[in-house]
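Thank you all for coming. Please take a moment with the sequence and the model before I begin, and keep both in view while I talk.

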Amino acid sequence: MKVYKVKDYQELSRKAANIIAAQVIMKPDCVLGLATGSSPVGTYDNLTAMYEKGDLDFSSVTTVNLDEYKGLDASNDQSYRYFMNTHLFNRVNIPMERTFVPDGTETDSEKACSAYNEILHSVGTVDLQLLGLGHDGHIGFNEPADYFPDETHCVDLTEVTIQANKRFFQSEADVPRQAYTMGIGTIMRAKMVLVVVSGADKADILNQVITGPVTPQVPASILQFHPNAVIIADEAALSKTDL
């Protein structure tokens, strides 16, 4: 696990975008695993700027997203499909038919997860998987548990996650209680994992991820075992970690 310490969110976003851009340039038909949430927004802005300058071409790229709320469709402004369309897909020249997100409108959890697993198998190994980090250590929506789930599954969101996400909804009651998420096994099979972490509120959990024991109670701790995991974190997020 490599950890890069940067000054602030802006530098974090530039560095992450540069790493992703290098992947696209080196392998134009690469498979990118993408994340949502506040952490990667700046990264997507930087990638869009590179595309607008003519420095990046997404026309042969395939993307697979980590997760989606169960019960939300693409027109809902809180769905992760909507988020990706808004922050990246509609801003660059990636073919929409090669952008994949779990189907939140499928009410049959087993069917939804099986369908997404088939997509993941068909596109092949992810070349670079982008991740954020939840306050409880979750990656994707893989919440603290008794084991590391392998493939796509339906999860009950923890109270910590519900509280963290309620700011995006009109009320706490509107926050979905379940989500479909790529499994830890799928994430670990990516050739490279890139984690972006910003803010003092993530300092405690990031320290556990980097220095603590590997445990499914801190899902991201499994990344200690990944052969090519990179964490980019700002000074505030690393304030509890001795590096």
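Let me start with a question: which residues of strand 10 lie on one side and which on the other, and are they buried or exposed? Please keep in mind that what we are looking at is a predicted model. On one side of strand 10 we find Ala229, Ile231 and Ala233, on the other Val230, Ile232 and Asp234, and all of them are buried, with both faces covered. In a regular strand the side chains alternate between the two faces of the sheet. Counted over residues 229-234, 6 of the 6 residues of strand 10 are buried.

Now to the neighbours of this strand. Strand 1, residues 2-6, pairs with strand 10 in the parallel sense over 5 bridges, and within that pairing lysine 5 has alanine 233 as its bridge partner. Strand 9, residues 193-197, also runs parallel to strand 10 and is joined to it by 5 bridges, with valine 196 partnered by isoleucine 232.

Let me turn to the helices. Serine 13 sits in helix 1, which covers residues 9-26, and, leaving aside residues up to four places away in sequence, serine 13 touches Gly42, Thr43 and Asn46. Why do we call serine 13 buried? Its relative accessible area is 2%, and buried means under 20%, so serine 13 counts as buried.

Two packed helices are described by the angle between their axes and the distance between the axes. For helix 2, residues 41-52, and helix 3, residues 80-87, the angle is about 40° and the axes are 10 Å apart. Helix 2 contributes Val41, Tyr44 and Thr48 to the contact, while helix 3 contributes Phe83, Met84 and His87; by class, these residues are 4 nonpolar and 2 polar, with no charged ones.

Finally, the pockets. The largest pocket holds about 720 Å³ of space, and of the 37 residues lining it, Thr36, Gly37, Ser38, Asn165 and Phe168 are the closest to its centre. Helix 3, which we have just met, gives the most to this lining, with 5 residues, and the lining as a whole has 15 nonpolar, 16 polar and 6 charged residues. The second largest pocket has a volume of about 150 Å³, and among the residues that line it are Leu120, His121, Glu151 and Arg189; its lining divides into 3 nonpolar, 4 polar and 2 charged residues.

Notes:
Residues numbered from 1 in each chain as written. Predicted model: local features only at pLDDT ≥ 70, side-chain atom pairs only at ≥ 80, totals over all residues. Heavy atoms only, no water. Axes fitted to C-alpha atoms, helices over the stretch in contact; angles between N-to-C directions. Helix = DSSP H or I, 4+ residues; strand = E, 2+ residues; numbered from the N terminus. Contact = heavy atoms within 4.5 Å. Nonpolar A, V, L, I, M, F, W, Y, C, P; charged D, E, K, R; others polar. 1 Å grid on protein atoms, 1.4 Å probe; cavity = no way out; pocket = protein on both sides within 12 Å on 5 of 7 lines; lining within 4 Å. Points joined across faces, edges and corners; volume = space filled by probe spheres on them. Buried < 20%, exposed > 50% of the residue type's maximum accessible area, 1.4 Å probe, protein only. Pairing = 2+ DSSP bridges.
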